[in-house]
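I am keeping these notes as I look through one structure, and I write down what I looked up and what I found. I begin with the pockets and then turn to single residues.

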Amino acid sequence: MKKIQLILLLVIVVIYGAMAQSTKRTQYLRPTNLKNRVSTIVAGKTRNYYSLNTDTASSISVRGPGMLRVLTRGRFVSAEGGKINYGVIYSIDGGDQLKFNKSKVERSEKASYANDSLGVPGQLKVMEIELGRGSHTIEFKLQESGVPVAARYVFKHTKAKKQAWVTFSPVKPSEPVDLVTRERIVKYYRFSSQKPLKIEINGQTELQILTRIENHYNMKGRIHYRVQVKENGEVVNTYQLSSVRSEVTGYKNDETLIPGKASTFVINVPKGNHTYEIVPLDEDKNTLLGRLLLPKKDIGIVK
């Protein structure tokens, strides 16, 4: 009897752990800038949606890999009119503008607004955006102002494929900086807007960029910063990153600074020769430190 009880207890612990892990891997995100909430009641539960704007983009920051589900609802503001149409414009990491259009949307029979004066929510319409490893910033705008639209953002993390990475050096001259993390010396390269990190590489491959902001000891809290990727003077992507002071990493030869925790983004390098520049955009921030990694399996094709 005791053996059976022990087995049942172990099963319950395993199930609870799996459920907790699954919940942790699903994030409900909110915009970092526009936070005009539209409380919507669905099946007796209140869900927070966030209004979209035609002029200012709603910005979502998340770390991949995973799937971002954007749940949208148009709003019926009057009793007239049977159906509505709306469009959402979005871009990933400063890339090309993409569109999500919905037409002939009807009133929802399962949802209502906490504030009845807003009108009636439209049917739920969902778009999915697959994101690779590293940090991503996705911006959303309402295409036209005729129909109010609010969105809810749900990110489901997926497990990154196991892959061996090796270090890759930028084009000289780059100022090397030795950091010590858990008694191991790791080489980074210092760069700024005046002296960007320059990379020459052959594709097709992935290039993983680890960046750390350089903090003075009196700097506190989370620091946000932006990094732009250029190729031949043209902007490829822009990344909104953030960091706090690292608790396990320090400088080998400098006690006046302390590095931030590493933030990562990935450049998908197409076939052929490419020259990239990694440029910090915030003039009020200090210099950044960068480290380059690429898949070990691709080491034979790069310069």
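**Entry 1: the second largest pocket.** Before anything else I note that this is a predicted model. I looked up the second largest pocket and found a volume of about 370 Å³. Its lining is made of 18 residues, and those that lie nearest its centre are Asp93, Asn237, Tyr239, Val266 and Asn268. I then asked which elements give two or more residues to this lining, and they are strand 9, strand 15 (223-231), strand 16 and strand 19. When I sorted the lining residues of the second largest pocket by character, I had nine nonpolar, four polar and five charged.

**Entry 2: the largest pocket.** Here the space comes to about 770 Å³. I listed 30 residues in the lining of the largest pocket, with Val62, Arg63, Ser135, Arg222 and Ser242 nearest its centre. The elements that supply two or more residues to this lining are strand 1 (26-29), strand 4 (58-76), strand 9 (125-142), strand 16 (234-243) and strand 19 (263-280). Which element gives the largest share of the lining of the largest pocket? I found that strand 4 does, with seven residues. By character, the lining of the largest pocket divides into eight nonpolar, 17 polar and five charged residues.

**Entry 3: the chain as a whole.** I stepped back from the pockets to the chain, whose secondary structure comes to one helix and 20 strands. Of the 303 residues in the chain, 41% are buried. I also looked up how far apart in sequence the contacting residues are: among contacts with a separation of 6 or more, 74% are between residues 24 or more positions apart. The chain exposes about 17,800 Å², and carbon and sulfur atoms supply 49% of that area.

**Entry 4: Thr205.** I found Thr205 in strand 14 (residues 197-216). Is Thr205 buried or exposed? Its relative accessible area is 6%, and because buried means under 20%, I count Thr205 as buried. The side chain of Thr205 makes a polar contact of 2.6 Å with the side chain of Asp298. Not counting residues up to four places away in sequence, Thr205 touches Ile267, Asn268, Val269, Pro295, Asp298 and Ile301. I had already written down Asn268 as one of the residues nearest the centre of the second largest pocket.

**Entry 5: Thr181.** I looked up another threonine, Thr181, which lies in strand 12 (residues 175-181). Thr181 has a relative accessible area of 13%, so it is buried. What joins the side chains of Thr181 and Thr249? I found a polar contact of 3.2 Å between them. With its neighbours within four places in sequence left aside, Thr181 is in contact with Val186, Val248 and Thr249.

**Entry 6: Lys296.** My last residue, Lys296, lies in the segment after strand 20 (288-295). Its relative accessibility is 52%, and exposed means over 50%, so I count Lys296 as exposed. I then looked for residues that Lys296 meets from elsewhere in the sequence, leaving aside its neighbours within four places, and I noted Ala164, Trp165 and Val166. For one of these I looked up the separation as well: Val166 is 130 residues away from Lys296 along the chain, yet the C-alpha atoms of these two residues are separated by 5.5 Å.

Note on methods
Residues numbered from 1 in each chain as written. Predicted model: local features only at pLDDT ≥ 70, side-chain atom pairs only at ≥ 80, totals over all residues. Heavy atoms only, no water. 1 Å grid on protein atoms, 1.4 Å probe; cavity = no way out; pocket = protein on both sides within 12 Å on 5 of 7 lines; lining within 4 Å. Points joined across faces, edges and corners; volume = space filled by probe spheres on them. Helix = DSSP H or I, 4+ residues; strand = E, 2+ residues; numbered from the N terminus. Nonpolar A, V, L, I, M, F, W, Y, C, P; charged D, E, K, R; others polar. Buried < 20%, exposed > 50% of the residue type's maximum accessible area, 1.4 Å probe, protein only. Polar contact = N/O pair within 3.5 Å; in protein donor to acceptor, adjacent residues only side chain to side chain. Contact = heavy atoms within 4.5 Å. Areas by Shrake-Rupley, 256 points an atom, 1.4 Å probe, with all protein chains shown as cover.
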